[in-house]
Every structure is written in C-alpha cells, then in structure tokens.
Amino acid sequence: MNLRSRDIVPISEARARLTELAEEVVGAGAEKILTKNGSSFVALVDARKLDYYHALEAEHAGLVLLQEAEEGLRQVLSGERVSAAELMQALADSTDR
C-alpha cells in the first residue's frame, strides 16, 4: 500500500484526532504513520490486517525452518556430516563469539 502525505501524522496531532484516524484506518483501509520529532514512531493499522501480517510472519518462519531441514537432509544424504564431538565444538565456538 502506498502512503500519502496525509497518512503521516505527528503524534501530537494524533492525540487530538485518534478516533478520526482510527476510523480512516478501518473504514478506508488507510494505514497511518505517526511521527515523533519528525521521525517514524508507530503505525495505526486495522487489527485484521495486523493479524494477517502476523500469520504471514509465522508462515514465513515455517518455510525458513523447512528449507533449513531440507538443506540438512541433503547434506546428510550426500555424506556431508560431522561427528557429535565436532558439532559440540562448533556450537561452543559459536557461543564464544
């Protein structure tokens, strides 16, 4: 969705217009960016859209885990594996950084 300049609102102005802004978000599907000291601070989005965004995020996380599992399986099937001791050492080394 493209933001228009009227969708960027200083937080000081949003305090006085919160109900109006919320109705625009829900009714017209507009998302609002609230600014603080001239920088993006928070966003107003429809709660249903937020639920959708969270569902997409969870789905993406599942796909990433699936890709990592497939890569691990490919490595095992092609003989690219390490001993348990080597794995434990690599894990220990990565936590020392």
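# Notebook: a walk through a predicted model

**Entry 1, a glycine after a helix.** I began just past helix α2, where G79 takes a positive phi of about 85 degrees. I note here that I am reading a predicted model.

**Entry 2, an asparagine in a loop.** Next I looked up N37, which has a positive phi of about 55 degrees although it is not a glycine. I wrote the general rule beside it: most residues other than glycine have a negative phi. Where does N37 sit? I found N37 in the loop between β2 and β3 (39-44). Is N37 buried or exposed? N37 is exposed, with a relative accessible area of 78%.

**Entry 3, confidence.** I then checked how far the predictor trusts its own work. The protein averages a pLDDT of 89, and 98% of the residues score at least 70. Which element has the lowest mean pLDDT, and which the highest? Helix α3 (residues 84-96) has the lowest at 87, while strand β2 (residues 32-36) has the highest at 94. A reminder to myself: where pLDDT is low, the predicted coordinates should not be read in detail.

**Entry 4, the helix α2.** I went back to α2, which runs over residues 47-77. I noted that α2 has 31 residues. From its first C-alpha to its last, α2 reaches 45 Å, close to the 45 Å expected at 1.5 Å a residue.

**Entry 5, a nonpolar patch and two rings.** Y53 lies in helix α2, and I wanted to know what surrounds this tyrosine. Together with L50, Y52 and L56, Y53 makes a nonpolar surface patch of about 380 Å². I looked up the cover on Y53 as well: this residue is partly exposed, with a relative accessible area of 35%. How many aromatic pairs are there? The count comes to one aromatic pair. The rings of Y52 and Y53 have their centres 6.4 Å apart and their planes at 50 degrees, so I logged the pair as tilted. The reasoning is short: planes under 30 degrees apart count as stacked and those over 60 as edge-to-face, so the angle of 50 degrees falls into the remaining class.

**Entry 6, salt bridges.** How many salt bridges does the structure hold? I found that the structure holds nine salt bridges, and I looked at some of them in turn.

- R17 forms a salt bridge with E20, and their closest N and O atoms are 3.0 Å apart. Both sit in helix α1 (residues 11-28), three residues apart, so about one helical turn separates R17 and E20. In general, residues three or four places apart in an α-helix point the same way, because the helix has 3.6 residues a turn. E20 counts as partly exposed, at 39% relative accessibility.
- The side chains of D46 and R48 meet in a salt bridge of 2.7 Å, N to O. I compared the two ends: D46 is buried, with a relative accessible area of 10%, whereas R48 is exposed, with 59%.
- R74 forms a salt bridge with E80, and here the closest N and O atoms are 3.4 Å apart. R74 is partly exposed, with a relative accessible area of 39%, and E80 is partly exposed too, with 42%.

**Entry 7, a network.** Last, I followed R17 and E20 further. Which residues are linked with them in a network of salt bridges? I listed D7, E13, E24 and K32 beside R17 and E20.

Definitions and conventions. Residues numbered from 1 in each chain as written. Predicted model: local features only at pLDDT ≥ 70, side-chain atom pairs only at ≥ 80, totals over all residues. Heavy atoms only, no water. Patch = residues over 30% accessible without salt bridge, like charges linked within 9 Å, V, L, I, M, F, W, Y side chains within 5 Å. Areas by Shrake-Rupley, 256 points an atom, 1.4 Å probe, with all protein chains shown as cover. Salt bridge = Lys/Arg side-chain N within 4 Å of Asp/Glu carboxyl O. Buried < 20%, exposed > 50% of the residue type's maximum accessible area, 1.4 Å probe, protein only. Phe/Tyr/Trp six-rings, centres within 6.5 Å; stacked < 30°, edge-to-face > 60°. Expected span 1.5 Å × (residues − 1). pLDDT = per-residue confidence, 0-100.
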